[in-house]
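Trainee: Could we go through this structure together? I would like to start with the overall fold.
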Amino acid sequence: DRTSALEQANEEIQHLSITDEMTGLLNRRGFNLVAEPALKLARRHDRACLVAFLDVDGLKRVNDALGHDAGDELIRDMAAVLRDTLRKSDIIARMGGDEFCVLVTEPGEDLVMLGERIQHSVQHLNEVGGRPYLLSASIGLAYAGPQDTTTLESLVARADTLMYEEKRSKAGTRTNN
């Protein structure tokens, strides 16, 4: 019984160490632990991969105008959109603050279609939500072909750079952070 209880406690500690408490998604550590072997497996099976890096637009304004509880709800809404939009096999993580990352190891669509699908889900949430804010996100998408040897870290960095380019292109709009 003690061994079983200790094993269960260790599993719980492991789970807590890789999970974001607010959203229930993987955290940065969890993403790296799960995504690295998934990327290697995809390459072994000659599959392409997509990495999406997202930043929630306007979190600071929501926090300042409506309070941090509303900001936390905005973060949870983004997590829900990703969970509901992406497949169970896609690896989704909250990297920290208002940033999220996704690894898609069996893309059935191209970068543009994935980005449009996420943005469509964000728009749908805004239309049916009845929230005191509008959810918006900037998204950077990086593609790695089956023969691409780019590291996970480099793919995430590329998607992050593309996300910031999109965010900068929104300068002066209501969604700019």
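Trainee: In what order do the elements of the protein run from the N terminus on?
Mentor: The order is α-α-β-α-α-β-β-α-β-α, where helices (H or I, at least four residues) and strands (E, at least two) are DSSP runs numbered from the N terminus. The radius of gyration, taken over C-alpha atoms, is 17 Å, close to the 16 Å from the globule rule for 177 residues, so the protein is as compact as a globular protein of that length. That rule is 2.2 Å times the number of residues to the power 0.38.

Trainee: What kind of model is this?
Mentor: It is a predicted model, in which local features need pLDDT of at least 70, side-chain atom pairs count only at pLDDT 80 or more, and totals for chains, interfaces and linings use all residues. Residues are numbered from 1 along each chain as its sequence is written, and side-chain values use heavy atoms, with hydrogens and water left out.

Trainee: What share of the residues is buried?
Mentor: Buried residues, meaning those under 20% relative accessible area (1.4 Å probe, protein chains only), make up 45% of the 177.

Trainee: Turning to Glu99, where is it found?
Mentor: Glu99 belongs to strand E3, residues 99-104.

Trainee: Which side chain of opposite charge is nearest to Glu99?
Mentor: That is Arg28, 4.5 Å away; Glu99 is buried yet has no salt bridge. A salt bridge needs a side-chain nitrogen of Lys or Arg within 4 Å of a carboxyl oxygen of Asp or Glu; Lys and Arg count as positive, Asp and Glu as negative, with His and the chain ends not counted.

Trainee: And which residues is Glu99 in contact with?
Mentor: Leaving aside neighbours within four places in sequence, its contacts (heavy atoms within 4.5 Å) include Phe53, Leu54, Asp55 and Tyr164.

Conventions
Buried < 20%, exposed > 50% of the residue type's maximum accessible area, 1.4 Å probe, protein only.
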